[in-house]
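The following exercises concern strand pairing, aromatic rings and chain symmetry. Each task is followed by a solution in steps.

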Number of protein chains: 2
Amino acid sequence: MAETNQAHEPVRFETHPDRYVHWNLTFEGPVAKLAMDVKEDKGLRPGYPLKLNSYDLGVDIELADALQRIRFEHPEVKTLVVTSAKDRIFCSGANIYMLGSSTHAFKVNFCKFTNETRLYLEEMSAESGIPSLCAVNGTASGGGYELAIACDEIVLADDGSTAVSFPEAPLLAVLPGTGGLTRLVDKRKIRRDLADAFSTVAEGVRGKRAVEWGLVDEAPPKAKFDEAVKKRTEGLLAKSKRRAGKAMKLAPLGDRQFVAIELDPKTRVATLTMKAPNDKAPASVDDLAKLGSSAWCVQAWRELDDTLLDLRFNQPNIGVVAIKTTGNAENVLAWDAFLAKNREDGLVRECVLLMKRVLKRLDLTAKSFFALAEPGSCFAGSLLELALAADRLYMKDDPDAEVTVATSPMNAGVLPMANGLSRLGTRFLADPSRVNRVLEQGVMGTPDAVKAGLVTFAPDDIDWDDEIRIAFEERASMSPDAMTGMEASLRFAGPETMETKIFGRLSAWQNWIFQRPNAVGEKGALTLYGKPERPEFNWSRT
Amino acid sequence: MAETNQAHEPVRFETHPDRYVHWNLTFEGPVAKLAMDVKEDKGLRPGYPLKLNSYDLGVDIELADALQRIRFEHPEVKTLVVTSAKDRIFCSGANIYMLGSSTHAFKVNFCKFTNETRLYLEEMSAESGIPSLCAVNGTASGGGYELAIACDEIVLADDGSTAVSFPEAPLLAVLPGTGGLTRLVDKRKIRRDLADAFSTVAEGVRGKRAVEWGLVDEAPPKAKFDEAVKKRTEGLLAKSKRRAGKAMKLAPLGDRQFVAIELDPKTRVATLTMKAPNDKAPASVDDLAKLGSSAWCVQAWRELDDTLLDLRFNQPNIGVVAIKTTGNAENVLAWDAFLAKNREDGLVRECVLLMKRVLKRLDLTAKSFFALAEPGSCFAGSLLELALAADRLYMKDDPDAEVTVATSPMNAGVLPMANGLSRLGTRFLADPSRVNRVLEQGVMGTPDAVKAGLVTFAPDDIDWDDEIRIAFEERASMSPDAMTGMEASLRFAGPETMETKIFGRLSAWQNWIFQRPNAVGEKGALTLYGKPERPEFNWSRT
């Protein structure tokens, strides 16, 4: 089960409920139900049967798709129930043979994606008013229990043997990779000593004790399970603050309209160009609904999301991404104004939350991003967020061909980062008054944008080509690992949240452990899982 | 320069200004001055000349000692100036050949110790009223600039070529290991794009631009440097809030009076026993001063500090530490009451801050700690903090021999963790009202302590021996790496601070990078530093 680097088919992230293999998505009035029913022989890659509702990336891609569609396509939904369609097993977490046979880079990106999906469950509750109940109708171990604690409430069917557990550390010498440890102590606020005991007992904790320790909210006997689930579902329905809005079907992305990517494998640089809307914003929310998912605020951002995932999983050797924008800035500002004005509408709200999630995906992508503002570029409002999310902004200082950037209400906190602040707020931690000044300024030419603190470097016409070329060459020549650690440290100044803890602290430790011989060496626990040999550890504590 | 595991002399952490090799510590009225003057041939271990004021652990042990002594032995000091005794070089950071030839575990522990020392500089400013000025009279690179940004203010002598720099990522494929990236964006609140540019330019940033970017506070020409340092020193003196208090000489620790450690290399378990004071507290602060550093609140905690450092550096294979206490709980409570009552006094304040720092050292030590409360134990007040810092507390439930624990004012927030909360506050995040209830309860037998939420497991007389034995065996059998990552994730629930970011986020990323072939492999940048070959990187971004 050695780490393989063999070429795989590229991962594709688009799917549709008609094609789901592993989840049953059903609706009963305001209640959506997602039942996990993983098909053993339908793993994304060959070589690991997905036994016992264990999952791989393919299973999680369907889950992420389902959550997105519930939000856009089902405005009537006010509560989600997550459960298993299998008997006696809820979910046994990420498939261990899949992990054991994956490259380090794949493992890390896999965990990042599943973490994002769990956070989408929580965002759906907090921002869209769709709280979730986990109906744990069988053993939930590892990633299975992590899925449960990403829901608002957990009911466990107590048949005397069913347990929730984190067997990762004792059995595999790794950590629960999907935010589990952080959610134990920071979300469910379980006492750290009990969390410690729980996370080191491979067989987990059952019924009554699971309730006492705060691991689940209720553990009725199996015969009363359905009733308890029903009651809690009704409770969540009553609490739901879902806003009214029209449905929007998410059509297949089709040919890319708004996001183009050019790859240069030799220089390890990609150029991502995002286009402004072709037209002014719709006149009303009804008109937006009529446009359907071809609307710029959905199509363009879904394309960007798909492009970022493609870069992460299918283009590992790309180190630096140039971010460019083109098109009519006035159109962006018109769309931004429309979205800001109609934020209380349920559908518009989902559009804005989609943009927010995609921008967070950019913040968390382990590539260096340099934004390039040149004549014809269009870093305005929501597209300016791309430049603010980038590690640097180069803006041409050319008196003969003016370059501008512009702010809009979408830069004022509607699209917060994982730290809870706007990108402008994070940028100007030293002097928060600059945020409002920049917002008031609106459109800025290069000298004003420099003065405002938006620009990293502003080479003139003569220097531009050389300076940009050298900047990309230099960046692409640096150790990818050092860049990842550096960017993870510099991108999220200011307050920390459960989300930044999960991606900053927990993921970093997990990545470290995923490299250690005690886990992935020849005699490591992850390598030897399922084999008769016992792992051998280097006992040095570090 | 491959990683060696050869047996070294154990590291000793006690020193004294009379024996300093690398620092000149001088006093001029209320100003203490620490001038770095590293002796090339006096490294802690052979094999790496400490050129250009580069440092190893031995240099940092002296720095930590100096800071401690300024606080205890020099109540007249109100400001610290850190500078270099060498010409044209302030400090070039951690010695790279030392890092390249160290084991992973040593590198990680070395960085942890230097991080603690930098935080002590900041604590000295915030809590003791001794702000610090860094007089950068020559190039400050890597750890040299990190030392500078741990000070409150930085003056750079601008001779046209002197720079501050973080060459770690571009030259060595690692991160600045002593909190540098976090302090750039979170302490000095430098814009993230400028921090990004700064951290990737090996040659660094000079004079005027360093001021513009916020990297230093002032960069006068060399001829006006002394004057600028003098002016800023006077400014800091005027701001100092140092409290009056008696001096206390820190005598050599000598034979251990209060902390005993027993090592069992076979089971990889250590037993650390801390004793209560032998007598009641002194009647007055004057009496405390007369006791000198043999006073329990200093001697016992300095012994604990030394023991923890010994465990970290000299006992790498110890995985689990049993924490026991013995002695008269009433004496602890009397000392605690004395310290709490006299907290406004300068000397008492330093004693309490020492206890705080040592407890933080425990929180951050990568060993599993299980506290054992048995008949005769003494987990009261400040010693109860040991149990609250531990990963678990086992308390014997024996009706024939009562076991008690007790709270005191020292549990009420005087000894905060790195997250800014008390250990009780962190424990009871789910229900903060429990903190006050526990504080009011005072002395508790086992059933009450269980009810209060202080106890992880309370085996009775019959089960105790077996249960404890099995708990230690099981813990010691688990992967040291998984335990380190797990404990780092569970110990610090609640708010994050710059300190938790440094130890949680930045250190975890650095540890990850310190394992990666791009840094430490045969062709890694750290391995090849100073050699003619160029490093070869695996370009996969992770």
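Two strands pair if DSSP finds at least two bridges between them. The model used in these exercises is predicted.

**Exercise 1.** Identify the bridge partner of A:Val82 in β7(A), and place the two strands in their sheet.

*Solution.* Step 1: the partner of A:Val82 is A:Cys134. Step 2: strand β4 (residues 79–84) and strand β7 (residues 132–136) of chain A are parallel and joined by three bridges. Step 3: in chain A, the order β1-β2-β4-β7-β9 describes an open sheet of five strands with mixed pairing. Step 4: β1 (23–28) and β9 (153–156) of chain A each have a single partner strand, so these two stand at the edges.

**Exercise 2.** Classify the aromatic pair formed by A:Trp335 and A:Phe338, and state whether each residue is buried or exposed.

*Solution.* Step 1: a pair of aromatic rings is described by the distance of the centres and the angle of the planes. Step 2: the ring centres of A:Trp335 and A:Phe338 are 6.3 Å apart. Step 3: their planes stand at 80°, and planes over 60 degrees apart count as edge-to-face, so this pair is edge-to-face. Step 4: A:Trp335 has a relative accessible area of 4% and A:Phe338 one of 6%; buried means under 20%, so both residues are buried.

**Exercise 3.** Determine which rotation superposes chain B on chain A, and name the relation.

*Solution.* Step 1: the rotation is 180°, with 0.0 Å of shift along its axis and an RMSD of 0.0 Å. Step 2: this is the relation of a two-fold axis.

Methods: Residues numbered from 1 in each chain as written. Chains lettered and ligands numbered in written order. Predicted model: local features only at pLDDT ≥ 70, side-chain atom pairs only at ≥ 80, totals over all residues. Heavy atoms only, no water. Least-squares fit on C-alpha atoms with pLDDT ≥ 70 in both. Helix = DSSP H or I, 4+ residues; strand = E, 2+ residues; numbered from the N terminus. Phe/Tyr/Trp six-rings, centres within 6.5 Å; stacked < 30°, edge-to-face > 60°. Buried < 20%, exposed > 50% of the residue type's maximum accessible area, 1.4 Å probe, protein only.
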